[in-house]
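Here is a short tour of the protein shown below. Keep the structure open as you read, and follow the strands along with the text.

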Amino acid sequence: MKKHAWLIILTALVLTFASVGIVYAEIIPPCEPGQQIGYPAVVLCDTLTLREKPTASSRAIQTLNYGDLPIVVDADTASGAKEENGFVYCTLGDSEDAPVGWINADYIFINPSWYVTVKNTAVYAWNDTSAPKVALLDKGTRLPILKEESDWFVVSLRGATGWIHK
């Protein structure tokens, strides 16, 4: 009987202490000011056009897709990016021959933090675990964090938003 009681106590202790250290996600912070030529941004809509000039009627250089990571040149995270007609100047890489041009700032998020799942994770319609689930993320999914509010993250889901409980 004593062996059985000790086994139950030991099992309870292991389960208690094992649950204390559970990690649900890796949070990758935004870039710090430094040597980079600008700040990474993430495209939040299905498609976005890199243009020759800061106007919607300007010649298209390249089409970007949801999740692409242009680099906003001359951005300062404290004051934001330098905009012209609502467009920001970007490059699509750090090589000299990378395409450069203007993209509409309304459809990107500059220098986000990232939420990377370490297990399957539910995404809710609003900040309540009884809210409808709008997605179930697989382990290893990486999403930009748009906002942090109390025990919740607001993340981008292909043009929509969802809430993940911390």
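## Strand β11 and its partner

In this predicted model, strand β11 covers residues 121-124, and its side chains alternate: T121 and V123 point one way, while A122 and Y124 point the other way. Residues on both sides of the strand are buried.

Strand β12, residues 133-137, pairs with β11 in the antiparallel sense, and four bridges link the two. If you would like one pair to click on, the bridge partner of T121 in β12 is L137.

## The strands β13, β14 and β15

Now follow the chain to β14. How many of the residues of β14 are buried? Six of the six are, so β14 is largely enclosed by the rest of the structure. Its side chains go two ways: W152, V154 and S156 point to one side, and F153, V155 and L157 to the other.

β14 has a pairing with β13 and another with β15. With β13 the sense is antiparallel and there are four bridges; here V155 of β14 is the bridge partner of I145. With strand β15, residues 160-165, β14 also runs antiparallel, this time over six bridges, and L157 has A160 as its bridge partner in β15.

## Turns and positive phi values

A word of background helps here: most residues other than glycine have a negative phi. Against that background, several residues are worth a look.

S150 sits in the loop between β13 (142-149) and β14 (152-157). These strands form a hairpin with two residues between them, and S150 in the turn has a positive phi of about 55°. Is S150 buried or exposed? Its relative accessibility is 59%, so S150 counts as exposed. The hairpin of β14 and β15 likewise has two residues between the strands, and there R158 takes a positive phi near 50°.

N111 is another residue to inspect, with a positive phi of about 55° although it is not a glycine. N111 belongs to the loop between β9 (108-110) and β10 (113-117). Because its relative accessible area is 9%, under the 20% limit, N111 is buried.

## Nonpolar cores

The largest nonpolar core holds 13 residues, and those touching the most other members are V43, L48, V72, V88, C90, I103 and I108. Which elements give two or more residues to this core? They are β2 (38-43), β3 (47-51) and β7. Looking out from V43, and leaving aside residues up to four places away in sequence, you will find contacts with L48, L64, N65, Y66, G67, D68, P70, Y107 and I108.

Another core lies apart from this one; it has eleven residues, including A25, L137, I145 and I164. Two of these names have come up before: L137 as the bridge partner of T121, and I145 as the bridge partner of V155.

## T91, S95 and the cysteines

T91 is part of strand β7, residues 87-91, and is buried, with a relative accessible area of 4%. A polar atom of its side chain lies 3.5 Å from the backbone oxygen of P99. Not counting residues up to four places away in sequence, T91 touches I37, P70, I71, V73, A98, P99 and V100.

S95 is in the loop between β7 and β8 (100-104). At 39% relative accessibility, S95 counts as partly exposed, and its side chain makes a polar contact of 2.7 Å with the side chain of D97.

For the cysteines, C45 is buried at a relative accessible area of 15%, and C90 is also buried, at 0%. What is the count of disulfides? With a cut-off of 2.5 Å between cysteine sulfur atoms, the count is zero.

## The protein overall

Stepping back, the protein has one helix and 15 strands. Of its 166 residues, 35% count as buried. The exposed area is about 10,500 Å², with carbon and sulfur atoms supplying 55% of it.

How far along the sequence do the contacts reach? Among contacts with a separation of 6 or more, 52% come from residues 24 or more positions apart.

Conventions. Residues are numbered from 1 along each chain as its sequence is written. This is a predicted model: local features need pLDDT of at least 70, side-chain atom pairs count only at pLDDT 80 or more; totals for chains, interfaces and linings use all residues. Side-chain values use heavy atoms; hydrogens and water are left out. Buried means under 20% relative accessible area, exposed over 50%, partly exposed in between (1.4 Å probe, protein chains only). Two strands pair if DSSP finds at least two bridges between them. A polar contact is a pair of N or O atoms within 3.5 Å; within protein, one must be able to donate a hydrogen and the other to accept it, and residues adjacent in sequence count only if both atoms are side-chain atoms. Contact means heavy atoms within 4.5 Å. A nonpolar core is a set of buried Ala, Val, Leu, Ile, Met, Phe, Trp, Tyr and Cys residues joined through side-chain atoms within 4.5 Å. Accessible areas come from the Shrake-Rupley method with a 1.4 Å probe; for residues, only the protein chains shown count as cover.
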